[in-house]
Structure formats: structure tokens, C-alpha cells
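Visitor: Got a minute to go through a model with me? I'd like to start with helix packing and then look at pockets.

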Amino acid sequence: SILCITFTNKAAREMRERIESIIGEGRAGDFVCTYHSFCLKFLREEIYRMNLANNFRIMDESDSLDVLKEIYPELGLTATDRKYKEALTEIREAKKNFPDYVHYFDDKEQRKPTYWSRIFSAFVTRQRKYNMLDYDDLIYFTLHILNTKDGVLEKWSKRINYIMVDEAQDSNPKNWDIVDKLSEINKNLMTVGDPDQSIYGWRGARVDLFVNFPKCHA
């Protein structure tokens with residue numbers, strides 16, 4: 001009934017090792033993990049609520065490049081016109097700044113998102129067709145389901161009574177949104193961290209959300 005969550009694989013691995021040194025190897029359970037790992041577990045169980053298959057595949061950068069190479073000719077583009085890396089940056093930023101893109105994947109709503117460029121449109125359309133999610137989708141889809149699907153928060157609140165965020169200074173706003181939502185009913189959210197060790201600002205970490213934890217996450 002305890003979720004121990006953190007940002008990096010290294011921190012999750014060390015947390016698990018410390019717990020198992022006390023309670024025994026292999027007894028830490030599924031909920032000592034990174035945000036992305038938790039969201040993957042969550043979506044394997046809940047993504048059917050968006051009428052998507054739970055055997056979705058996780059896209060790495062190579063998969064994303066393959067999709068771009070497939071859609072560029074359809075759009076009349078070449079890598080000279082728009083470099084693949086630039087297109088992937090555009091897609092990543094669009095998902096971060098306009099998370100309403102998730103509605104496109106939800107059959108019951110399928111609203112066109114605020115941001116809808118030709119490349120972005122073709123990319124997410126292909127994702128949906130091939131039943132693939134990237135790492136950013138794991139976070140945004142989890143938040144979408146927790147916020148919009150009846151009974152989901154109550155179900156997971158019964159399963160997870162306590163949440164502890166390790167290396168909390170490395171969490172970004174969407175990470176905080178997840179733990180804030182999951183702790184909304186039980187109100188048992190704890191943090192461990194050191195603001196002087198914050199090194200992931202370039203990946204969106206907001207150390208001020210940790211420093212101001214009592215005010216920001218009351």
C-alpha cells in the first residue's frame with residue numbers, strides 16, 4: 001500500500017536495494033519505481049478506458065525517427081527541409097505545452113488539440129494507428145485518465161495509501177501532478193530530497209516545488 005517513486009532509474013534501484021536489505025530480497029513489490037515505470041504499470045491496466053489496447057509498444061528515439069521517415073514523403077518533406085531532430089524536438093515541446101493532444105487518442109472525445117501542425121498531426125496519427133506511446137505519453141496519458149475517468153482515482157487510492165517521493169528535487173511539474181493527484185484522497189504524501197543536489201533543471205525539474213512543498217502540495 002506504499003508507493004515509493006522517484007525520477008531516475010539509479011535512484012529507484014538504490015531505494016529498492018535499501019528496502020530489500022531490511023525486509024528481504026524480492027519483497028519490495030511493484031511500487032518502488034520511477035515515475036515512468038509506475039505510469040507504464042498504470043496504463044497496462046487502465047488504458048482500455050481510452051479504447052486503446054493494453055499491449056501498446058513503447059517508442060524509443062529510433063522508433064520515433066522511423067515514424068518520421070515514413071511520414072515525411074507523405075507531407076512532401078525531406079530531411080533537408082526539416083531535420084528529424086528538429087521535428088522530434090517540436091513534437092516533444094508540443095506534448096509538454098499542449099497536453100490536450102491526449103484527447104485525440106480518446107475515442108469518446110477525439111478533440112483536435114490546441115497545437116496541430118502537419119508534422120505533429122501525422123506523427124500522433126501514426127502513433128495511434130500503430131498502438132505506440134513514447135515516454136512523454138506515459139506521463140500525460142496517466143494524468144488524463146486519473147483526471148477524467150470516473151472511479152479510477154478511487155480505485156488506486158484504495159491500492160496506494162501512502163506515497164513517498166525520493167530525490168524530490170529532481171521532479172518536474174507533471175511528476176508532481178501525478179503524486180498530488182494520487183494522494184488527493186488519502187492525503188499521505190511525503191518527500192525526501194536535497195535542494196542543493198538538484199541537477200535536472202535541463203529536464204524540467206523544479207526545485208522550488210520541493211522547497212515549497214508544504215505550500216505547493218498541501
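Visitor: How are α3 and α4 placed to each other, roughly parallel or roughly perpendicular?
Guide: This is a predicted model. In it, α3 and α4 pack at an angle of about 105°. Angles from 65 to 115 degrees count as roughly perpendicular, so α3 and α4 are roughly perpendicular to each other.

Visitor: How far apart are the axes of α3 and α4?
Guide: The axes are 10 Å apart.

Visitor: Which residues make the contact?
Guide: From α3, Glu61, Ser64, Leu65, Leu68, Lys69 and Tyr72; from α4, Tyr84, Lys85, Ala87, Leu88 and Ile91. By class, that contact has 7 nonpolar, 1 polar and 3 charged residues.

Visitor: On to pockets. What is the volume of the largest pocket?
Guide: About 990 Å³. The largest pocket is lined by 29 residues, and His36, Arg92, Tyr135, Asp136 and Arg203 are the closest to its centre.

Visitor: Which helix gives the most to that lining?
Guide: α4, with 5 residues. Helices α3 (61-75), α7 (135-148) and α9 (173-182) each supply at least two residues as well.

Visitor: How does the lining of the largest pocket divide by class?
Guide: Into 11 nonpolar, 9 polar and 9 charged residues.

Visitor: And the second largest pocket, what is its volume?
Guide: About 290 Å³. The second largest pocket has 14 lining residues, with Lys10, Ala11, Glu14, Asp166 and Glu167 nearest its centre.

Visitor: Which helix gives the most there?
Guide: Helix α1, residues 9-23, with 5 residues. The lining of the second largest pocket comprises 5 nonpolar, 3 polar and 6 charged residues.

Technical notes: Residues are numbered from 1 along each chain as its sequence is written. This is a predicted model: local features need pLDDT of at least 70, side-chain atom pairs count only at pLDDT 80 or more; totals for chains, interfaces and linings use all residues. Side-chain values use heavy atoms; hydrogens and water are left out. On a 1 Å grid over the protein atoms alone, a cavity is a set of points where a 1.4 Å probe fits but cannot get out, and a pocket is an open set with protein on both sides within 12 Å along at least five of seven lines; lining residues have an atom within 4 Å of a point. Grid points are joined across faces, edges and corners, and a volume is the space filled by probe spheres set on the points. Helices (H or I, at least four residues) and strands (E, at least two) are DSSP runs, numbered from the N terminus. Ala, Val, Leu, Ile, Met, Phe, Trp, Tyr, Cys and Pro count as nonpolar, Asp, Glu, Lys and Arg as charged, and the others, Gly among them, as polar. Axes are lines fitted to C-alpha atoms, for helices over the stretch in contact, and angles run from 0 to 180 degrees between N-to-C directions. Angles under 35 degrees count as roughly parallel, over 145 as roughly antiparallel, 65 to 115 as roughly perpendicular and the rest as oblique. Contact means heavy atoms within 4.5 Å.
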